[in-house]
Structures are given as structure tokens and as C-alpha cells.
Amino acid sequence: MDFSPQQVIDKPCDADTFKPFWNDTPIKTYLFDAFSVLLPAGEQFVISVVEKSAAQLQQTSALAEDSRRFVAEERAHQRAHRLYNQQLEKQGFEVKQYELGIEKDLQALQSKWSLNAQLALAAAFEHVTAVISGVALRKHGLLSANASSQTRLWRWHCQEEVAHQHVTTDLLQALGIPYWQRILYFLAASALMAFDVLRHLHGFARLDIARGRVSAKEVRRATASLLLRDGTNLMLMARGWAAYFLPLKANKTRDCQ
Ligand SMILES: [Fe+2]
Ligand SMILES: [Fe+2]
């Protein structure tokens, strides 16, 4: 799907046009906004790992070509989410400091970990992202059916995440990463992402309550509604997450030199 990141800034966020919560409820809005905070640095990490891993393949192979397309898509996501996060900053959320912290942590990790460990972590990030994307996109999924600029951006991003998720797992197989390493880094990635998303979500809610944009009662009610009324979405997310423990399907090509 064609999507210009410029659309995010061409059309003001709904928060600027008196509809404060673009994803229907405060908690669902905070959830996706919190994910967005992780993306510019997280996608930079994944791009760099996929480039380094793909450099070990025959450059004419299908997986090397898929990897180049993957990198181009992630760069476009990264640009879009930088603009998205700038809009959050304009709304008063201190996103920049969060982004810098995540960037610093991932850079430190890249300087210390082996490429195999980095690829195992990147594939885990991609799996979690693709599972959430799939649940976000379904009918009555986690994304609103409205046509806000944020919803359109997320639909475009989630569709590409679901479609290109196989690239990092194909690279895991091509580089011969063992099961134990894939699972170890998957558990670490899941814990890291959950911690960061919940931390940012909490920060957004706390600021909005403090400045009277929403009441604590409304946030509690929206959280209860997410837990009770989105049971199917949460169950599908848990099932998709757990599917990573299954052995990978055999890769069609073994592209290492
Ligand atoms: Fe992405
Ligand atoms: Fe991705």
C-alpha cells in the first residue's frame, strides 16, 4: 500500500482537532503511541542487523533480495514514526528523552553482542511486532475503524510487518542460529518490549491525568474494557506469541556462502 509519511504532518493529529484519543479510548491510544516511541531506534537496530546478516548471503539469492526490500520498508516506517513521535512531543509528551534512552541501549548492545545474538533478538522483535500487527488489523481488532491519520499510518505499517516477518526467521535459518538461542533472545525481547511499552503507556496516562485531559476513572474504565471486551484479541496475541516456541518451518533456500 502506498503511504507517504508526510501525510502524518500534512493532516494534524486528532488531538489537535478536539478528538483527543485517535484510537477510540485513552488506553488503546496510549498503547499504540507507546509502541511508536520504540520504533525509530528499534527499527534502526533491526535494519542494521538484517543488513549485516544479509551481507553473508549470495547477493543474487531470493533471501538477499527480500532483505533489501525489508530494509527499504523499515526505513520508511522509521521516517513515518519519527514524524509521529514529533507530534506526540508537540502534544506535551516527553518522547525525545525516551527515544534517546532506547537508542543508547540498543547501540551499547550492538557493540557487545555477536551478530547471531543480535539477529536472534531482531527476529524476536519482528515476531512480537507481527503478532501485534495481525491482531491490530483484524475486524474488531485493536486498531480503530476510523480514518484518522494515525490509524492509516498504523494500518500501512502493520500490513507490511505481517508480510515481511518471514525475512528475519529465514535469516535465522540461513545463518544456522540454534533453537535455544532463538528462544532465549525471544524471552528477553518480549520482556524488554513489555517493560518499555508499559512504562511509556503509564507515563502518557499520568501526564494526561495530571493536566486534566482525562480522568483517572476514565483511564481505569478504558483499561477494564480492554481486558474484558478485547478478550479475543488478547487471546490471539498470546497464541501468536507462543507460536514462536514451535520449530521453524523448513526454509526453501540455504543462501549462506
Ligand atoms: Fe516496521
Ligand atoms: Fe518489521
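**Exercise 1. Burial of two iron donors.** Determine whether E43 and H77 are buried or exposed, and place both residues in the chain.

*Solution.*
Step 1. Relative accessible area is evaluated with a 1.4 Å probe on protein chains only; under 20% is buried, over 50% is exposed, and in between is partly exposed. E43 is buried, and H77 is buried as well.

Step 2. The model is predicted: local features require pLDDT of at least 70 and side-chain atom pairs count only at pLDDT 80 or more, whereas totals for chains, interfaces and linings use all residues. Side-chain values use heavy atoms, without hydrogens and water, residues are numbered from 1 along each chain as its sequence is written, and chains are lettered from A and ligands numbered from 1 in the order in which they are written.

Step 3. Donors are N, O and S atoms within 2.8 Å of the metal (3.2 Å for Na, K and Ca); water is not among the atoms, so sites may look incomplete. The iron ion (ligand 1) is coordinated at 1.9 to 2.3 Å by E43 (OE), E74 (OE), H77 (ND1), H157 (NE2) and E161 (OE). The spacing of these donor residues in sequence is E-x30-E-x2-H-x79-H-x3-E.

Step 4. Helices (H or I, at least four residues) and strands (E, at least two) are DSSP runs, numbered from the N terminus. E43 belongs to helix 2 and H77 to helix 3, 34 residues apart, so the pair links distant parts of the chain.

**Exercise 2. The second iron ion.** Identify which residue bridges the iron ion (ligand 1) and the iron ion (ligand 2).

*Solution.* The bridging residue is E74, and the two ions lie 3.8 Å apart.

**Exercise 3. Packing around helix 3.** Describe how helix 3 is oriented relative to helix 2 and to helix 6.

*Solution.*
Step 1. Axes are lines fitted to C-alpha atoms, for helices over the stretch in contact, and angles run from 0 to 180 degrees between N-to-C directions. The axes of helix 2 (residues 26-54) and helix 3 (residues 62-90) cross at roughly 155° and come within 8 Å.

Step 2. Angles under 35 degrees are roughly parallel, over 145 roughly antiparallel, 65 to 115 roughly perpendicular, and the rest oblique. Helix 2 is therefore roughly antiparallel to helix 3.

Step 3. The contact of helix 2 with helix 3 contains 12 nonpolar, 7 polar and 6 charged residues. Here Ala, Val, Leu, Ile, Met, Phe, Trp, Tyr, Cys and Pro count as nonpolar, Asp, Glu, Lys and Arg as charged, and the others, Gly among them, as polar.

Step 4. Helix 3 and helix 6 (residues 149-164) have axes 11 Å apart and pack at an angle of about 155°. These two helices are therefore roughly antiparallel to each other.

Step 5. A crossing is left-handed if the near helix is turned anticlockwise from the far one by less than a right angle, and right-handed if clockwise. Helix 2 passes helix 3 in a left-handed crossing, and the crossing of helix 3 and helix 6 is left-handed.

**Exercise 4. Salt bridges.** State how many salt bridges are counted, then characterise those formed by D66, R199 and D208.

*Solution.*
Step 1. A salt bridge is a side-chain nitrogen of Lys or Arg within 4 Å of a carboxyl oxygen of Asp or Glu. The count comes to 8 salt bridges.

Step 2. D66 pairs with R69, with 3.4 Å between the closest N and O atoms. The two residues are 3 residues apart in helix 3, which means a separation of about one helical turn. D66 is buried at 19% relative accessibility, whereas R69 is partly exposed at 44%.

Step 3. R199 pairs with D196, the closest N and O atoms being 2.8 Å apart. Both are in helix 8 (residues 179-210), 3 residues apart, so about one helical turn separates them. R199 is partly exposed at 35%, and D196 is buried at 13%.

Step 4. D208 pairs with R211, at 2.9 Å between the closest N and O atoms. D208 is buried at 0%, while R211 is partly exposed at 38%. A network of salt bridges links D208, R211 and R213.

**Exercise 5. Positive phi.** Locate D24 and H140, and give the phi of each.

*Solution.*
Step 1. D24 lies in the loop between helix 1 (6-10) and helix 2. Its phi is positive, about 75°, although D24 is not a glycine.

Step 2. H140 is in the loop between helix 5 (115-137) and helix 6. Phi of H140 is positive and near 60°, in a residue other than glycine. H140 is exposed at 67% relative accessibility.
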